[in-house]
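Please look over the sequence and the 3D structure shown here, and then follow the explanation below from the cysteines to the overall build of the chain.

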Amino acid sequence: MKVPVSLRIAALAVATTGFYTYVGQLVPQKEVHPPAEVAISKDMKPEEMAKVGREIMEGKGLCFTCHTIGKKGPLRFPDLEGVDGRAATRIAGLSDVDYLAQSIYEPAKYIVPGFNPGMPVINKPPIGLTDDEILAVIAYLQTLGGKTTVTMQTKLPWQAGGSGGGAAATQTGGQTLGAGATAPAGTASGPSSDPSENPPSAPSTAPPSAAPPPAPAAPPPGAKP
């Protein structure tokens, strides 16, 4: 008996579908859940901050998608082992906290030699870490080669409401100065409110200007000059 071509095609389609369904069941399945929210409070101690920071890096921050700790060989992004020791001396004028904060808020501002840019700004979507979460991350990074000195009260220029754009800028008396700089002695931005610092001007001793002589009167009509 000859089997119709349409029936043979249908049988082949069913067999193919069944085969790939069977193969798909052999592949291990991994269920992915949204990262769990980590509780943060303003009264956390440094060691508590470091623990929470590690949890954030493993979860919401997605840091270990690219970064490693203690791995050698060709790497896509810098390994974080001992990172705090390098952070303290990486850029002149920046402390370890400043450098780590800059690397998180402005990752493209300094690229470690030998690597390419590619780290996202993690305080913006899609990751969107909060300022407090970033402080916790910095607290953990400081334990990698150093000691945690950051607290939940630490203020960073990049935080909401800050000036942003660099930890090396400091506000002093209304003037923006570089890190470690001071306003020049005797420099004032305007008149002082202390009368002793603004003595009244001395009266002028120059004689008053002489008035110009009056113009001669016009001659009466018919008079000859």
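A residue is called buried when its relative accessible area is under 20%, exposed when that value is over 50%, and partly exposed in between. The model under discussion is a predicted one, and two of its cysteines make a convenient place to apply these classes. C66 has a relative accessibility of 25%, so it counts as partly exposed, whereas C63, with a relative accessible area of 13%, is buried.

The next topic is whether such cysteines are bonded. A search of the whole structure finds zero disulfides, and C63 accordingly takes part in none, the nearest cysteine sulfur being that of C66, 9.2 Å away. Seen from the other side, the closest cysteine sulfur to that of C66 is the one in C63, and because the two are 9.2 Å apart, they are too far from each other for a bond; the cut-off applied to a pair of cysteine sulfur atoms is 2.5 Å.

Turning from these residues to the fold, the protein contains five helices and two strands, and when the elements are read from the N terminus on, their order is α-α-α-α-α-β-β. Among contacts in the protein with a separation of 6 or more, 50% are accounted for by residues 24 or more positions apart.

The surface completes the picture. Of the protein's 225 residues, 26% count as buried, the class to which C63 also belongs. The accessible surface of the protein comes to about 15,800 Å², and carbon and sulfur atoms hold 61% of that area.

Conventions:
Residues numbered from 1 in each chain as written. Predicted model: local features only at pLDDT ≥ 70, side-chain atom pairs only at ≥ 80, totals over all residues. Heavy atoms only, no water. Buried < 20%, exposed > 50% of the residue type's maximum accessible area, 1.4 Å probe, protein only. Helix = DSSP H or I, 4+ residues; strand = E, 2+ residues; numbered from the N terminus. Contact = heavy atoms within 4.5 Å. Areas by Shrake-Rupley, 256 points an atom, 1.4 Å probe, with all protein chains shown as cover.
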